[in-house]
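Please open the structure in your viewer and keep the sequence panel beside it. This tour suggests what to select at each stop and describes what is there.

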Amino acid sequence: MTGFKSEFLQTLDERGFIHQTSDAAGLDQKFASEIVTGYIGYDPTAASLHVGHLMQIMMLHWMQKTGHRPIALMGGGTGMIGDPSFKDEARRLLTAEDLAANIAGIKEKFANFLSFGEGPQDAVMANNADWLMGLGYVEFLREVGRHFSVNRMLSFDSVKLRLDREQSLSFLEFNYMILQAYDFVELNQRYGCTLQMGGSDQWGNIVNGLDLGHRMLGTQFYALTSPLLTTASGAKMGKTANGAVWLNADMLSVYDFWQYWRNTEDADVERFLKLFTTLPLEEISRIAGGVGSDINEAKKILATEVTAMVHGRAEAEEAARTASTVFEAGQIDLSLPSIQVARAALDGGMGILAAAVTAGLAGSNGEARRHIQAGALRVNDTPVEDDKYTLGLGDILAEGVIKLSVGKKRHILLKPV
């Protein structure tokens, strides 16, 4: 369906967020006529969310911005199991202490996207541990389990793929979809929530909750998913050769986060500006309409705007300034990502291969050696030609650091202590 009447669905549609809805016309009418409460769930499997979550966070942002109430649901209870959807093997089981620490790390980032409070349009941060951890097993089976067909559960792609590959699916994991569905019922009872959103891979789980709500409460629930997000070349968003692109600065520096977006493929710039910034569509068309050097300027705007959403405007502009200093002026900028190294290690000579691995510029000595063979690994902007080269005190610049680089865009400062 296109031509939505409600501002929320019109905004999502124009910006490319909508993949599938359970009842587009009914949901559009609901958004046009009342304040809607909707949620997205996040299992705290790490201390930070990553770029792969950003699309759904933006959906919650637009929901509140257009006058509705978003719920960010933390999976303190479901996280004890872990979502098995499309996973080849069971997740590592986390302790309650692990989950509490991860939730604390995740919470701080949401304040940059949502306004929390007690008002009718203020965002809510809920934790499903509040209701799941106290459930009585027999009572839950009688009240909730009876509404689920095992035959139907086995037909879901997320389960079927695992079984088709003859990979084990534990009873623990099999229960995950029942608990997630029950979250929808609880959120409706507690907050009047009638919409669950998520990525397209969550459609089966979301529809389970929609059906359960109708069976248990006789209430009309709605589902809305966003498309699976890949780059123009087909790569999965949020992953790099060095791992996940985390949203928390203590897990990925603001500079590296900015640089991730600066490296966006040309064909993705306009789409990403629509999805990951709040710039008006007319301005996005103007920014992304350039070619050649103009597209590089558009990438810088994208990087700065996304970084401002995640880390704040001041941090974003500092990252942009650092990049300009390093790449355009060819200077040493002390706000580049850095690690500390023992001065004694440099005094005795630190092998360049080990230094590259320690700095995170290579995953192994072999990879570091290949960088050298390709002429990509540099010390203080001078290419390293010998893989036996050792860093010493003589490599320390006047600024008191040693600059290691791979290519033109990956830099780490070694700070002797």
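**First stop: a hairpin and its sheet**

Begin by selecting strand β14 together with strand β15 (residues 410-416), which run antiparallel and are joined by 5 bridges. As you look, please bear in mind that this is a predicted model. Within this pair, Lys403 has Leu413 of β15 as its bridge partner, and the hairpin that the two strands form has 3 residues between them, with Gly407 taking a positive phi near 70°.

Now keep β14 (residues 402-406) alone in the selection: 5 of its 5 residues are buried, so the strand is largely enclosed by the rest of the structure. In a regular strand, side chains alternate between the two faces of the sheet. In β14 both faces are covered, with Ile402, Leu404 and Val406 buried on one side, and Lys403 and Ser405 buried on the other.

Next, add strand β11 (residues 377-379), which pairs with β14 in the antiparallel sense over 3 bridges; here Val379 has Leu404 of β14 as its bridge partner. Val379 also has a bridge partner in β12, namely Thr382, and β11 and β12 run antiparallel, joined by 2 bridges.

With these strands shown, you can widen the view to the open sheet of 5 strands, whose order is β9-β15-β14-β11-β12 and whose pairing is mixed. At its edges stand β9 (338-341) and β12 (382-383), and because each has a single partner strand, one side of each is left without a neighbour in the sheet.

**Second stop: a histidine beside the sheet strands**

Select His371, which lies in helix α19 (residues 365-373). Is His371 buried or exposed? Its relative accessible area is 16%, so His371 is buried, the cut-off being under 20%. Leaving aside neighbours within four places in sequence, His371 is in contact with Leu361, Ala362, Ala376, Leu377 and Val406. If you display the backbone of Leu361 as well, you will find that its oxygen lies 3.4 Å from a polar atom of the His371 side chain.

**Third stop: the nonpolar cores**

Nonpolar side chains tend to be buried together in soluble globular proteins. In the largest nonpolar core here, which has 65 residues, Phe110, Trp261 and Phe276 touch the most other members, and the largest share of this core, 9 residues, comes from helix α3 (residues 51-65). Centre the view on Phe276, which, not counting residues up to four places away in sequence, touches Leu54, Met55, Met58, Leu229, Met237, Trp261, Val306 and Met309. A second, separate core has 28 residues, including Tyr39, Phe140, Ile178 and Phe184.

**Fourth stop: helix α11**

Select helix α11 (residues 203-217), whose 15 residues should span 21 Å at 1.5 Å a residue; its end C-alpha atoms are 21 Å apart, which agrees. Among the buried residues of α11 are Asn205, Ile206, Val207, Asn208, Leu210 and Leu212. Just after the helix, Gly218 takes a positive phi of about 70°.

**Last stop: the whole chain**

Finally, show the entire protein, whose secondary structure comes to 19 helices and 15 strands, and of whose 417 residues 50% count as buried. If you colour by confidence, the average pLDDT is 85, with 88% of the residues scoring at least 70. Confidence is highest in helix α1 (residues 7-15), at a mean of 97, and lowest in strand β7 (residues 239-240), at 64. Where pLDDT is low, the predicted coordinates should not be read in detail.

Key
Residues are numbered from 1 along each chain as its sequence is written. This is a predicted model: local features need pLDDT of at least 70, side-chain atom pairs count only at pLDDT 80 or more; totals for chains, interfaces and linings use all residues. Side-chain values use heavy atoms; hydrogens and water are left out. A nonpolar core is a set of buried Ala, Val, Leu, Ile, Met, Phe, Trp, Tyr and Cys residues joined through side-chain atoms within 4.5 Å. Buried means under 20% relative accessible area, exposed over 50%, partly exposed in between (1.4 Å probe, protein chains only). Helices (H or I, at least four residues) and strands (E, at least two) are DSSP runs, numbered from the N terminus. Contact means heavy atoms within 4.5 Å. A polar contact is a pair of N or O atoms within 3.5 Å; within protein, one must be able to donate a hydrogen and the other to accept it, and residues adjacent in sequence count only if both atoms are side-chain atoms. Two strands pair if DSSP finds at least two bridges between them. The expected span of a helix is 1.5 Å times one less than its number of residues. pLDDT is the predictor's confidence in each residue, from 0 to 100.
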